[in-house]
Amino acid sequence: MNFDPTLPVNRTMKSLIRITLLLVAALAAPGLHAADDLLIADFEGETYGAWKVAGAAFGPGPARGTLPGQMQVDGFQGKGLVNSFFKGDDTTGTLTSPAFKIERPFIRFLIGGGGWPETCLNLRVQGKSMRTATGPNTQPGGSEKLELQSWDVAEFIGQAAVIEIVDQRKGGWGHLNVDQILQTNRKPPGIATNATREIIAAKRLLNFPVKTGAPKRN
């Protein structure tokens, strides 16, 4: 950086200090993020590694997006994700992580696909299912997009746990999409309720979903 002799010394020094602090913050940010979040799985490998696979639904390894015969899958991070649509909706199976220690109060993940009890993501502690989540879809139509969900697991800090991804349903939406499972200190943002927004009615029809994956209404 060139020194401008026409500027007062105090202004120049303040500018240098500000730039230096910004650079330090930018360099330190990745390290701080890494210290905050503990990655459980991002499914970027060619195989599931130490995860235990049972059944055929999850294929030989993480999918690279949409599988044959499936609607467009998006909302996942990186190149890979768990997608139990391998060979269609009628394959079943489970995918279980190695045991890990719960060290953060929240577990966050991306999830989509079937919304059935038989298509679910479970947190198992001491052999019992303590938290569960599903995709949004049970009716024809819908979307394969993965959405952010989370569990509050503060009560289990210090205990060993496993993540279990289950696909035990055949037929429509008999599959699950999962990606980017991590532990974090950051409380997930709340969901707005009774929210309003003024818009200008510039067209004849208004299309909106009642919930994610629900049929559109006019």
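**Strand β10 and its neighbours in a predicted model**

Strands β4 and β10 pair up in the antiparallel sense, with 4 bridges between them. This is a predicted model, and β10 is a handy place to start reading it. The protein as a whole has 1 helix and 13 strands, and along the sequence the helix comes before the run of strands.

**Around β10**

- In the β4 pairing, Thr94 has Val166 of β10 as its bridge partner.
- Strand β5, residues 100–101, also runs antiparallel to β10, joined by 2 bridges. Here Phe100 sits opposite Ala161 of β10.
- With β7 there are 7 bridges, and again β7 and β10 run antiparallel. One pair to look for is Asn122, which stands opposite Glu164 in β10.
- How many of the 8 residues in β10 are buried? The count is 7, so the strand is mostly covered, buried meaning under 20% relative accessible area.

**Nonpolar cores**

- The largest nonpolar core takes in 27 residues, and the ones with the most contacts inside it are Leu123, Ile163, Ile165 and Ile181.
- Which elements give two or more residues to this core? They are β1 (38–41), β6 (106–113), β7 (119–125), β10 (160–167) and β11 (176–184).
- Leaving aside residues up to four places away in sequence, Ile181 touches Leu39, Ile40, Ala41, Phe43, Trp51, Ile107, Arg108, Phe109, Leu121 and Ile163.
- Another core lies apart from the largest one; it has 7 residues, including Val73, Leu81, Phe85 and Leu146.

**Loop residues worth a click**

- Lys87 sits in the loop between β3 (82–83) and β4 (93–96). Its phi is near 60°, a positive value in a residue other than glycine.
- Is Lys87 buried or exposed? Lys87 is exposed, because its relative accessibility of 72% is over the 50% cut-off.
- Gln126 is in the loop between β7 and β8 (128–134), and it too is a non-glycine residue with a positive phi, near 55°. Gln126 has a relative accessible area of 68%, so it counts as exposed.
- Ala154 belongs to the loop between β9 (147–152) and β10. At 38% relative accessible area, Ala154 falls between the 20% and 50% cut-offs and is therefore partly exposed.
- Ala154 and Ile107 are 47 residues apart along the chain, yet their C-alpha atoms are separated by 9.5 Å.

**Whole-chain numbers**

- Of the 218 residues in the protein, 36% are buried.
- About 13,400 Å² of the protein is exposed, and carbon and sulfur atoms supply 57% of that area.
- Take the contacts between residues at least 6 apart in sequence: 74% of them join residues at least 24 apart.

**How far to trust it**

- The average pLDDT for the protein is 84, and 75% of the residues score at least 70.
- Where does pLDDT stay under 50? That happens over residues 19–34, for which the model has 2 contacts beyond four places in sequence.
- Where pLDDT is low, the predicted coordinates should not be read in detail.

Conventions
Residues numbered from 1 in each chain as written. Predicted model: local features only at pLDDT ≥ 70, side-chain atom pairs only at ≥ 80, totals over all residues. Heavy atoms only, no water. Buried < 20%, exposed > 50% of the residue type's maximum accessible area, 1.4 Å probe, protein only. Contact = heavy atoms within 4.5 Å. Areas by Shrake-Rupley, 256 points an atom, 1.4 Å probe, with all protein chains shown as cover. pLDDT = per-residue confidence, 0-100. Core = buried A, V, L, I, M, F, W, Y, C linked by side-chain atoms within 4.5 Å. Pairing = 2+ DSSP bridges.
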